[in-house]
Structures are given as C-alpha cells and as structure tokens.
Amino acid sequence: MEPTVSGEPRVLATDAALVLIGEIRRDHPDILFHQSGGCCDGSSPMCYPSNEFRVGETDVKLGEIGGVPVYISARQFEVWKHTQLIIDVVPGRGGMFSLDNGREQRFLTRSRLFGGETCAIPDTKRAR
C-alpha cells in the first residue's frame, strides 16, 4: 500500500483534531487510531492507547496525524482505497471505548475522493 496517492497523503487532520490529539496525549502519550467499519459508526475513528488495541495482521496503516498512526481494516480499506480521510472534531461524545469519550468533543472522519474537490474544511493540515 502506498502512503500517498498522486503525492497526497491518505489521511489528514484538521487543526481542531490536532488540538484534541494533543490533549489526549497529555493523559495517554502512546495512542493510535483505528477507523471504525461498523454500520452505525463508520464515520467514527476510534482512538485507543496503543497497548490496549491489537493491530490485526490485515489492518492497513494509512499514515500518521500529529505523530499518531491511523489504521483501517483491510476490508474497509478496499471500499475506501480511492478516498482521502480527513480526521476532524465535532461537539458530542466519542465512541464508548474511544479516548475522546467524555471530553464533549469527538473525532469524525470526513472524506474526499482522490482527484476530487477538497472538503470545505478551512483548517485542514497535512499529516506530520
């Protein structure tokens, strides 16, 4: 799997997401994201302490945002392989086991097709 498509990273984060990642990392320095593939929460990237989530043999690493790796299941990747994921933050509670839960903000995945127009998110930054 190439980490970019036509030079564009597979995953980005908004400034708001980078701020929330920084807040979470103060409490949990070593974290990772796994893009949910459930029917009801498919737009929710789940944030876990790295030592509490086992990355599967078939999981695909999309890249890193704010120094944090982002994974997706191989099955979900097949569906989304032509899509750039943009991790953002919105008001609300995170997933039950996700570290954003209880912070009154939650991560949300937005997307765009590679080669298509960028989502209208003014503070999107490239993953670092």
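Mentor: Let's start with a definition: buried means under 20% relative accessible area, exposed means over 50%, and partly exposed is in between (1.4 Å probe, protein chains only). This is a predicted model, where local features need pLDDT of at least 70, side-chain atom pairs count only at pLDDT 80 or more, and totals for chains, interfaces and linings use all residues. Residues are numbered from 1 along each chain as its sequence is written, and side-chain values use heavy atoms, with hydrogens and water left out.

Trainee: OK, which residues of α1 are exposed?

Mentor: Val19 and Arg26, on the other side of α1 from the buried ones. Those buried ones are Ala17, Leu20, Ile21 and Ile24.

Trainee: How do you know that they sit on the same side of α1?

Mentor: They cover an arc of only 105° around the axis, so they share a side of α1. The arc is taken from the directions from the helix axis to the C-beta atoms. In general, an α-helix has 3.6 residues a turn, so residues three or four places apart point the same way.

Trainee: And what span does α1 reach?

Mentor: α1 (residues 15-27) has 13 residues and runs 19 Å from first C-alpha to last, close to the 18 Å expected at 1.5 Å a residue. The expected span is 1.5 Å times one less than the number of residues. Helices (H or I, at least four residues) and strands (E, at least two) are DSSP runs, numbered from the N terminus.

Trainee: Why is aspartate 88 called buried?

Mentor: Its relative accessibility is 7%, so it counts as buried. Aspartate 88 is found in strand β8 (residues 83-91).

Trainee: What makes its link to threonine 14 a polar contact?

Mentor: The rule is a pair of N or O atoms within 3.5 Å; within protein, one must be able to donate a hydrogen and the other to accept it, and residues adjacent in sequence count only if both atoms are side-chain atoms. The side chains of aspartate 88 and threonine 14 make one of 2.9 Å, and those of aspartate 88 and arginine 110 make one of 2.8 Å.

Trainee: Why is the pair of phenylalanine 33 and phenylalanine 107 called edge-to-face?

Mentor: Rings of Phe, Tyr and Trp (its six-membered ring) pair if their centres lie within 6.5 Å; planes under 30 degrees apart count as stacked, over 60 as edge-to-face, the rest as tilted. Here the centres are 4.9 Å apart and the planes at 90°, so edge-to-face it is.

Trainee: What makes tyrosine 48 and phenylalanine 53 stacked?

Mentor: Their planes are 10° apart, with 4.8 Å centre to centre.
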